[in-house]
Amino acid sequence: MSADVELSDVSVTFGSFYAAKNVNVKVNGGEFFSFLGPSGCGKTTLLRAISGFQEPSEGKVLIDNKDMSGIGPNKRPTALIFQNLALFPLMSVSENIAFSLEVRGVSKEERKKRADELLELIALEGQGDKKVHQLSGGQKQRVAIARALAVEPKVLLLDEPLSALDLKLRQRMRTELREIQKRVNITFIYITHDQGEALTMSDRIAVMNEGELEQIGKCDEVYNNPLTPFVATFVGENNPLYGKVTGIEGDKAKIETADGQYLATMNESKKLNIGDESIAFVRPESLFIPRDGDNFDNKIDVNIESFEFEGNLKNFYASLKSGAKIKFSVPNAIDTSSITSGSSIVLGFESSKSVILPKASLAID
Amino acid sequence: MNNFLFTQPFFKKNGKAVAIYFLVAIIFWFVFLVIIPQFYMLDLSFRTNVPPLARGGPEDYYTFEHYSHFIFGSKTATDAFNFVDLGVFGRTIFVSMLVTIANLLFCYPIAFYIAKIANPSTARLLIVSLIIPFWINELLRSFALRILFANEGVINNFLTGVGLLDQGILFITYDIGLYTGLIYAYILLMMFPLYNAIESLDINQIEAAKDLGSSSFRTHWRIVIPHAKPGIVSGCTMVFMLTVGALATPVVLSSPNTLWFPQLIYQWFNMNDNWSRGSAYSIILLIVSVIFVLTMMRIFKVRIGEIIK
Amino acid sequence: MRPSYFINFMMGIYIFIFFAYLFGPLIIMSITAFNSAEFPSITPWECFSFRWFNEGKIAYDGQHLAGLLSDWRLHDGIISSLIIGAGVVTLSVPIGMAAAIVLTQVRSQLRDIYYSISIMPVLFPGVIIGISTVVLWDRIAGLGGEGFIADIGRNGIFLTILAQTCFISTYCFLIFVARLQRFDQTQEEAALDLGASQTQVFFKILVPYLSPAIASAAVIAFLFSFENYNTTVFSILSDQTLTTVIASKVRLGISPALSALALTIIALTIIAAVTYEVLRRRAEKRYAESQEKFVKEKAADNRINKKYKAGFKIPKGIAAILLIVVFATYGATQVVKNDLYGQSCIDAADKEKKSKFLEQLQTLESNELTDEELSGGSLGGNQDYGDIFGDPSLFQDFGGFD
């Protein structure tokens, strides 16, 4: 019972402001799909367009290939889980869960039966008579999901539902959400600004910025082959190296920066020409301290400024000659006790682990 | 129209049945209960006073006679101005202002004490004690004062009984009873806005001021009063408006030979059966009220929403 | 803020004076309700009596002064006040609710003007609302010829309901606005998303949320209606409500029956306030208990679950009540002992006054009037009362005989 969701050329405007601009995306049935982007990027607007609270100014929303324009939120086969959950405080847990059945005129016994089933699904058996305020944060979360699932929607929309939880609970709920999705096997469309959440749970993600889609793809694809400098720096961490293209070798390009020349991989859809202003990106975990016998495509001289211990990793903050900053991480298993603030070392990275993109603004700007 | 008036399409947002209920209720209220009656009264105040049957006839025409009567008196009168009515009017406004100021002065210490000094349970008790008299009919409260102030009332009986006076004081005749009663009648409408405003002031601000060496008086003048300004304006407006328009208290407590302005309206209306003139006098009262509210808003730079919450 | 002891002391005195000002008149009035004298007073204390709550009395001059139970005008007034109150509640609560909800939906540019119109009626002097309603409906009745419209246009109760609704709706509006400010709009969206129609959202989400406001708006509307005088005195036309009855009585002269009425109202008010407070505390306690239960269920160790035995203590409230009862009993026994209570006392007082009165009348040599008045006394009724004491100063003179 899952459905495809398709946004075709969807734009939403408020006055002259584009909250979403020409968005084209197709979410497949049964998929866990995430919209990832900073706050104010228009992802919530898209979600409201799918659920029916916001009619698109242009374009169409199709669910199961049916045009949804003019169909209100109460008539769409979608269910939305709100950021603040929006549980009804005056109703008991069961009444909350069975609300969608109540408004459809389902009999009391039927409602009770269904509520009990769902309580079992979310592992809250026998707690249906409690009031909402008696539940803990995670339990509320699960009740909100059960409530949304009660009418067996074809699409479940989640608007950053985990943002109010503490870290431990958030991590547990990620797994739980993923499990529930597999069990009920319906399309989940998830909205978040937390890339960790998006990457761990989703089949595919769409990265958004300022109302526009930057990239759609599988998680590792987006992480490894970002299409824009924004995606490169928003999804995971990345060190930008600014410069000009000085040579092209197959799918690799050579970039000349203030600190030297590097070789990096071009994206198929973002071919560069000699002389183009561009940025090469290298992730902190792709920068290595060369050991004997290592031979990297690129070498880079750095001066360590500071470091921090994160547990599994040790993060170093260093500066290049030009003053540009760079961060690299070393697994804790490797002994780095000799490297302290002030030491000058050489780092290496593979051109296959570095992407080069035309110059544009970063997520951290 | 929808997009012009409302943030969302009105009928779609509320559903048809509920939207119709909203519209009917609001139009009934605004148009039939608030606007049309006031405009009709305004119209009537410019017409001659004719019996119902003569309406629309030649006797029924537009005129300023009721307003000019208020200022210059009847055409046959010898005085240049209508000193009686103008006197009543002026006295009503003047006394109402004094009553408002007196209320403010009386309430401020109590409001401050309850809001900032008293411990919570005492404060609660005091607030409940303030509310209880408020639920008792204004007439009966005035009546209670009448019992005290009557010529043979409790105070005079006591004073003469003890031997302090040979003869009772004429509290009612000199309108002492009336003034006391007017202050008594609406004192709580000064108290609560004042209390709410002072209550919202962060106690740390007062302490910071003290800490910086500010005297008690200066702390109040520079910190508490400016913060409580909306509450003060709100209380003053409410008290003034209610006092100017008071009828119940003057009916019970005013001396037989003085009148309160609404009593004058009442006389034109019910005793002299001159509805047009009663309407004209009502309009005058209304204009005074509106001017007062607007002046308060202008002087103290508060919005109308802050006056009435 | 730690004021000096002197300031604290002065403040205490000031608060005492202030509350004495608020309560003193009410307490004294309450006491006069139990004095059997015709004029509400304390110092010439005649007899302790409940007559003003019951049948009133036939005065020494033959005048029937009605008590609470025997005063049919008061009863009629109360009945029409109740009818008007019910009418005002049924109109103003829905109006206030609709207006408050729509306030959340109008565009922000219009919000100020909309709000201003909504609160305008409470800024109008009450007399003006009464007058404008009457003049408008008199005109409507005049246009409608004979028939239904003419009937309701000249019906004081109907007009009073409309006139009071005009400004009481504003009070309801303000109550609803305050509650709606704390409403979480996503609740509505959640319900819509779960398939509820807009109408269902209104009845299943919004109305339950507003129900406490509905209750308080209804209570406030009723109380404001019940005690309104300024508007009612115009719009009631030839009918009477409780307040207009009281006003006309006060104008005619002050009677202890009014003290008795006031005391009854005060007692009802206090009972209502106490009931409300008790209910509120009970609800609060229930909520706290459910929270506590929740915490206990969650708590891993059982320390919180242990019960502590409370020592036996007399609550302060009960001690105060006991004290009052002791004093009241003592006072009552003194009153009875000194023959200040009961029929014999009243008879004695009346006899004394009657003879005094007769004496004075005889000196005035108006025997005819005396006979007539004395025999007419048994017919009694307020009508006579009104006729004889039409002039307030006259009554005060009679009061002087006491």
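At what angle do the axes of helix 7 and helix 8 of chain C cross? In this predicted model, the axes of helix 7 (residues 186–193) and helix 8 (residues 198–227) of chain C cross at roughly 130 degrees and come within 10 Å.

## Helix packing in chain C

Two packed helices are described by the angle between their axes and the distance between the axes. At roughly 130 degrees, helix 7 of chain C is oblique to helix 8 of chain C, because angles of 65 to 115 count as roughly perpendicular and those over 145 as roughly antiparallel. The crossing of helix 7 past helix 8 of chain C is right-handed.

Helix 7 of chain C contributes C:Gln187, C:Glu188, C:Ala191 and C:Leu192 to the contact. From helix 8 of chain C come C:Gln198, C:Val201, C:Ile205 and C:Leu206. By class, the residues of this contact are 5 nonpolar, 2 polar and 1 charged.

## Strands 11 to 13 of chain A

Strand 12 (residues 252–257) of chain A pairs with strand 11 (residues 239–249) of chain A, running antiparallel to it and joined by 5 bridges. Among the residues involved, A:Val245 has A:Ile255 as its bridge partner. The hairpin of strands 11 and 12 of chain A has 2 residues between the strands, and A:Gly250 in this hairpin takes a positive phi near 65 degrees.

Strand 12 of chain A also pairs with strand 13 (residues 260–266) of chain A, again in the antiparallel sense, over 6 bridges. Here A:Ala253 has A:Ala264 as its bridge partner. Strands 12 and 13 of chain A likewise form a hairpin, with 2 residues between them.

## The two faces of strand 12

In a regular strand the side chains alternate between the two faces of the sheet. Strand 12 of chain A shows this alternation: A:Ala253, A:Ile255 and A:Thr257 point to one face and are buried. A:Lys252, A:Lys254 and A:Glu256 point to the other face and are not buried. Two residues of the buried face recur in the pairing: A:Ile255 is the bridge partner of A:Val245, and A:Ala253 is that of A:Ala264.

## Positive phi outside glycine

Which residue of the loop between strand 6 (78–81) and helix 2 (93–97) of chain A is at issue here? A:Ala86 lies in that loop, and its phi is near 55 degrees, a positive value in a residue other than glycine. A:Ala86 is buried, with a relative accessible area of 1%.

A:Glu152 also has a positive phi, near 50 degrees, and is a residue other than glycine. The place of A:Glu152 is the loop between helix 5 (137–149) and strand 7 (155–159) of chain A.

How values were computed. Residues numbered from 1 in each chain as written. Chains lettered and ligands numbered in written order. Predicted model: local features only at pLDDT ≥ 70, side-chain atom pairs only at ≥ 80, totals over all residues. Heavy atoms only, no water. Axes fitted to C-alpha atoms, helices over the stretch in contact; angles between N-to-C directions. Helix = DSSP H or I, 4+ residues; strand = E, 2+ residues; numbered from the N terminus. Parallel < 35°, antiparallel > 145°, perpendicular 65-115°, else oblique. Left-handed = near helix turned anticlockwise from the far one by under 90°. Contact = heavy atoms within 4.5 Å. Nonpolar A, V, L, I, M, F, W, Y, C, P; charged D, E, K, R; others polar. Buried < 20%, exposed > 50% of the residue type's maximum accessible area, 1.4 Å probe, protein only. Pairing = 2+ DSSP bridges.
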